[in-house]
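User: I have a structure open and would like to go through it slowly with you. Could you start with a term I will need?

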Amino acid sequence: MKKFVKCESPGQFLAYLYGELNGAALNAFEDHLSDCTTCIDEFAEIADLRYSVYEWRKVEFDPLETPVFSIEAIETPPSWSEQFQAWFGQHTQWLSAASAFGAVVIVLTIGILFYSAGDTADLAAVDDPSLPAVIVTPERASGTPVGGLIEDEAEEAKPSASAFDERRNLQQPKTSARKTPSRQPASPAVTVSFRSVPRLNEFEDIQDDGLRLADMFDDIGSSE
Amino acid sequence: MVRSGGSSSKQMFPDLSDEKLVEMAVSGTPDAFGEIVKRWDRKIFALCFGMLGREDEARDAAQEAFIAAYRALPNFRGEAKVSSWLHRIAVNQCLTTRRRNRTRSEDHLDEETNEEERTFVASDHYSPSHTAERGERMSVVRQAVTSLPVDLRQVVVMKEFEEMTFQEISETLEIPLSTVKSRLYTALKQLKSKLEGVSVEVV
């Protein structure tokens, strides 16, 4: 290695060997190389080693074809819809059956929606002011157990039902007048059976003889 | 005319030194200089390739170097080794070629070469024996390169296989430029010791 201190450095040798020495450095190196036997032998040795590697690459690697890299799409499992389509693609008879079933379901659905729309129209018509007001009247006189009441209890409830009816009849004109102010008083009242109305509880069937403040005001108002 | 059978041919004077062969060639012994060419044609070609960077130019320069050496045989005084003498002739030939390339177009380079003298350089580069020798040498080089430490082998591969410049290697590995050259130089030196430990003999 001492010879490189006096002459050229290994870096200069390598730069010249690989053609990366330019300009004045190149001319200086070549001038020195033509006169220095030591550097000539050193350079010849490095060049021989380098050519061994070069030859190895040329013989064993250059004939190899450059591989063509292609990024293939990663196969993802088919979605349920694709599987669905594939299955019916192979079983057309099931596709026909499913189509027929789907058509029936659609027709039925449309029919149900149609009739549901009719019921809704009826309910909407209840608020029509031109229609007579509906008065719900509990029908307790028949003696039939209502809401799970036994016969004796029903019998005991008869007077209270009558009192209830009276109270409701007294209140009804005012309620109707409050909800439908434009309604004609002459409109005939339609009595709907109390039994036909769903009941959430049975408290209304129990006789309530307590004095209500609202009744008192009603009585005062009526007397006036 | 001196004809070389190539480096892979069986040596006619296996026990004689290069200096003795030169003396025999000077005294007119047939095939003595051919034996020298057999021994040194590859190294001279490698030297020319290292200086010129192109195989065709290196081949021509090696041919001309051996021609010049044959003509200079009477002037060889034996003060230096034959290898150094041949190296100097080859280097001067390559420098001449480089200077010529700078001033002349490459189309005119081959016109001055005597076709008869082309036969100096091994003419059986693709003979079976040469192919076998080269295959054996490739195996040795492969083992030597693959046995290099990773940091050295990395630089060798990037330089020789990827053909990257020292600056590119420096930026890629994020190491100083001098370190890149030092690693490559160390790698080549280690290759030399590994290759010298394995003799390549093809009969």
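Analyst: Accessible areas here come from the Shrake-Rupley method with a 1.4 Å probe, and for residues only the protein chains shown count as cover. Please keep in mind that this is a predicted model, in which local features need pLDDT of at least 70 and side-chain atom pairs count only at pLDDT 80 or more, while totals for chains, interfaces and linings use all residues. Residues are numbered from 1 along each chain as its sequence is written, chains are lettered from A and ligands numbered from 1 in the order in which they are written, and side-chain values use heavy atoms, with hydrogens and water left out.

User: So what is the accessible surface of chain B?

Analyst: For chain B the accessible surface comes to about 10400 Å², and carbon and sulfur atoms hold 48% of that surface. For chain A the value is about 15800 Å², with 62% belonging to carbon and sulfur atoms.

User: How many residues of each chain are buried, as a percentage?

Analyst: Buried means under 20% relative accessible area, exposed means over 50%, and partly exposed is in between, using a 1.4 Å probe and protein chains only. By that rule 25% of the 224 residues of chain A count as buried, and in chain B, which has 203 residues, the buried share is 47%.

User: And which helices and strands does each chain have?

Analyst: These elements are DSSP runs numbered from the N terminus, where a helix is H or I over at least four residues and a strand is E over at least two. Chain A has eight helices and two strands, and its order from the N terminus is α-α-α-α-α-α-β-α-β-α. Chain B has eight helices and zero strands.

User: How many residues are in contact across the two chains?

Analyst: With contact meaning heavy atoms within 4.5 Å, 40 residues of chain B touch 41 residues of chain A. The buried area, which is the accessible area (1.4 Å probe) that two parts lose on being put together, summed over both, is about 3900 Å² between these chains, and carbon and sulfur atoms give 60% of it.

User: Which three residues of chain B supply more of that area than any other three?

Analyst: They are B:Glu160, B:Phe161 and B:Tyr185, which supply 17% of the area that chain B buries against chain A.

User: Is there an example of one residue touching both chains, and what does B:Leu95 touch?

Analyst: B:Leu95 lies in helix α4 (residues 82–103) of chain B, and its relative accessibility is 1%, so B:Leu95 counts as buried. Leaving out residues up to four places away in sequence, B:Leu95 touches A:Tyr16, A:Glu30 and A:Ser34 as well as B:Met51. The C-alpha atoms of B:Leu95 and B:Cys48 are 9.5 Å apart in space, although 47 residues separate these two in sequence.

User: Since you mention a cysteine, why does B:Cys94 have no bond to B:Cys48?

Analyst: A disulfide requires a pair of cysteine sulfur atoms within 2.5 Å, and the sulfur of B:Cys94 is 3.4 Å from its closest cysteine sulfur, in B:Cys48, so the two are too far apart for a bond. B:Cys94 is buried, at 0% relative accessibility, and the structure holds zero disulfides over all chains.

User: Changing topic, how many aromatic pairs are there?

Analyst: Rings of Phe, Tyr and Trp (its six-membered ring) pair if their centres lie within 6.5 Å, and planes under 30 degrees apart count as stacked, over 60 as edge-to-face and the rest as tilted. The structure holds 18 such pairs over all chains. One of them joins A:Tyr51 and B:Phe49, whose centres are 5.5 Å apart and whose planes meet at 65°, so this pair is edge-to-face. The pair crosses between chains, from helix α4 (residues 37–60) of chain A to helix α2 (residues 32–52) of chain B. A:Tyr51 is buried at 7% relative accessibility, and B:Phe49 is buried at 3%. Elsewhere, A:Phe13, A:Tyr16, A:Phe29 and A:Phe43 form one aromatic cluster.

User: What sits over the ring of B:Phe166?

Analyst: A charge sits over a ring if NZ of Lys or CZ of Arg is within 6 Å of the ring centre and within 35 degrees of the ring normal. The charged end of B:Lys159 is 4.1 Å from the ring centre of B:Phe166, and B:Lys181 lies over the face of that ring at 5.7 Å from its centre.
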